[in-house]
Amino acid sequence: MLQRMVARRLLAHLGSSGLLPRLQSAYRDNHSVETAMLKVLSDIFLANDNGDLSSQSLVLLDLSSAFDTVDHHILLHRF
């Protein structure tokens, strides 16, 4: 309980002081792996629209933990 209270106060301070990067998704309300993925996809599409060679760029995004909470039986059934 003490850890949660300290974490909440620390995140509130970092957020109000502008010390968290604007695009950081971890440990923030209303941010998730989905918001991070949407940002990456948006950047790729924008670069593609501008004629940049984004399709030849290598994008490394660790999504391994994104599937930790997925019920794999349901996921396989839907596929």
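## After the second helix

Residue G51 follows α2 and has a positive phi, near 85 degrees. The model discussed here is predicted.

Helix α2 covers residues 33–49. It holds 17 residues. From its first C-alpha to its last, α2 reaches 24 Å, close to the 24 Å expected at 1.5 Å a residue.

## Overall fold

The protein has three helices and zero strands. Along the sequence, the pattern reads α-α-α.

The protein has 79 residues, and 5% of them count as buried. Its exposed surface comes to about 7,500 Å². Carbon and sulfur atoms supply 59% of that surface.

## Helix α1 and the glycine after it

Helix α1 runs over residues 2–16, which makes 15 residues. Its end C-alpha atoms lie 21 Å apart. At 1.5 Å a residue, α1 should span 21 Å, so the model agrees with the expected value.

Just after α1 comes G18. This glycine takes a positive phi of about 75 degrees. A positive phi thus appears at G18 after α1 and at G51 after α2.

## The salt bridge in α2

The salt-bridge count for the model is one. K39 pairs with D43 in a salt bridge. Their closest N and O atoms are 2.7 Å apart.

Both residues, K39 and D43, sit in helix α2. They are four residues apart, about one turn of the helix.

How accessible is K39, and which class does that give it? K39 has a relative accessible area of 32%, so it is partly exposed, since that class lies between the 20% and 50% cut-offs. D43 has 36% relative accessibility and therefore also counts as partly exposed.

## A nonpolar patch at the surface

Which residues form a nonpolar patch on the surface? The patch is made of L2, M5 and V6. Together they have about 300 Å² of accessible area.

M5 is a residue of helix α1. Its relative accessible area is 44%. M5 is therefore partly exposed, because that value is over 20% but not over 50%.

## In brief

The predicted model follows an α-α-α pattern. A salt bridge links K39 and D43, and both lie in α2. L2, M5 and V6 make up a nonpolar surface patch. Of the residues, 5% count as buried.

Key. Residues are numbered from 1 along each chain as its sequence is written. This is a predicted model: local features need pLDDT of at least 70, side-chain atom pairs count only at pLDDT 80 or more; totals for chains, interfaces and linings use all residues. Side-chain values use heavy atoms; hydrogens and water are left out. Helices (H or I, at least four residues) and strands (E, at least two) are DSSP runs, numbered from the N terminus. The expected span of a helix is 1.5 Å times one less than its number of residues. Buried means under 20% relative accessible area, exposed over 50%, partly exposed in between (1.4 Å probe, protein chains only). Accessible areas come from the Shrake-Rupley method with a 1.4 Å probe; for residues, only the protein chains shown count as cover. A salt bridge is a side-chain nitrogen of Lys or Arg within 4 Å of a carboxyl oxygen of Asp or Glu. Patches are made of residues with over 30% relative accessible area and no salt bridge: like charges are joined within 9 Å, nonpolar side chains (Val, Leu, Ile, Met, Phe, Trp, Tyr) within 5 Å.
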